[in-house]
Amino acid sequence: MDNLVTIQGIARRSGVAASALRFYESRGLIRSERSRAGHRRFPRAVLRRIAFIVFAQRMGLSLDEIAAELAKLPAQRTPNGRDWARLSRAWTSRIEERIAELQRLKAGLTECIGCGCLSLERCQFANPADRAGRSGPGPRYWIGDRTSKR
Ligand code: FES
């Protein structure tokens, strides 16, 4: 158990609370071993998985989606650089989508985003009679729907 780290050590290094680490473990996202006294001991490599989980959550993925992504990594050994590269390649388009979404949000914060509220004077002009709502739910312009715009 020389290479194993306590939950406090992992929490300190990852910046993630021990309670969150226990929760991740209960959801099967990370795994620990038990010491003779029954304390959790994590392999140091778990730090990369935790960083991935935190990043993925910031990207808006649910824990189920994150679990599905992590399941693509080899279970019987510590993932190597190639394993992580394979995983991150699939993420490029997702990250680009998110960037575009945030740019639209930034650009549209003071304008009509097609959410159906019609509460701003500007919206009355940009989304008359909630035309945007005919294309589906949600803030239509913000999610990139151009078909219903003006
Ligand atoms: S901001 Fe809601 S409909 Fe325009």
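In this predicted model, helix α5 spans residues 81-89, and its buried residues are D83, W84 and L87. These three sit on the same side of α5, because the arc they cover around the axis is only 95 degrees. That fits the usual geometry: with 3.6 residues a turn, positions three or four places apart in an α-helix point the same way. Turn to the other side of α5 and the picture flips, with G81, R82 and R89 exposed. The buried residues of α5 pack against two other helices, α3 (46-58) and α4 (63-70). At the start of α5, N80 brings a side-chain oxygen to within 3.0 Å of the backbone nitrogen of R82.

Now for the aromatic rings. The count of aromatic pairs comes to three. One of them joins F52 and W84: the ring centres are 5.8 Å apart and the planes meet at 50 degrees, so this pair is tilted. Since F52 belongs to helix α3 and W84 to helix α5, the pair ties together parts that lie 32 residues apart in sequence. Neither ring is out in the open: F52 is buried at a relative accessible area of 10%, and W84 counts as buried at 9%. F52 also pairs with W91, this time edge-to-face, with 5.1 Å from centre to centre and 65 degrees between the planes. Here, too, distant parts of the chain are linked, as F52 sits in helix α3 and W91 in the loop between α5 and α6 (92-108), 39 residues away. F52 and W91 are both buried. Taken together, ring pairs join F52, F55, W84 and W91 into a cluster.

F52 turns up again in the nonpolar interior. The largest nonpolar core holds 25 residues, and F52 is among those with the most contacts inside it, along with I10, L21, Y24, I30, I66 and L70. Five helices, α1 (7-14), α2 (18-26), α3, α4 and α5, each put in at least two residues. Helix α3 gives the largest share of this core, with six residues. As for I66, leaving aside residues up to four places away in sequence, its contacts are L29, F52, I53, A56, Q57 and L61. There is also a second, separate core, made of five residues, including C112, C123, A126 and A132.

Notes. Residues numbered from 1 in each chain as written. Predicted model: local features only at pLDDT ≥ 70, side-chain atom pairs only at ≥ 80, totals over all residues. Heavy atoms only, no water. Buried < 20%, exposed > 50% of the residue type's maximum accessible area, 1.4 Å probe, protein only. Helix = DSSP H or I, 4+ residues; strand = E, 2+ residues; numbered from the N terminus. Arc of directions from axis to C-beta. Contact = heavy atoms within 4.5 Å. Polar contact = N/O pair within 3.5 Å; in protein donor to acceptor, adjacent residues only side chain to side chain. Phe/Tyr/Trp six-rings, centres within 6.5 Å; stacked < 30°, edge-to-face > 60°. Core = buried A, V, L, I, M, F, W, Y, C linked by side-chain atoms within 4.5 Å.
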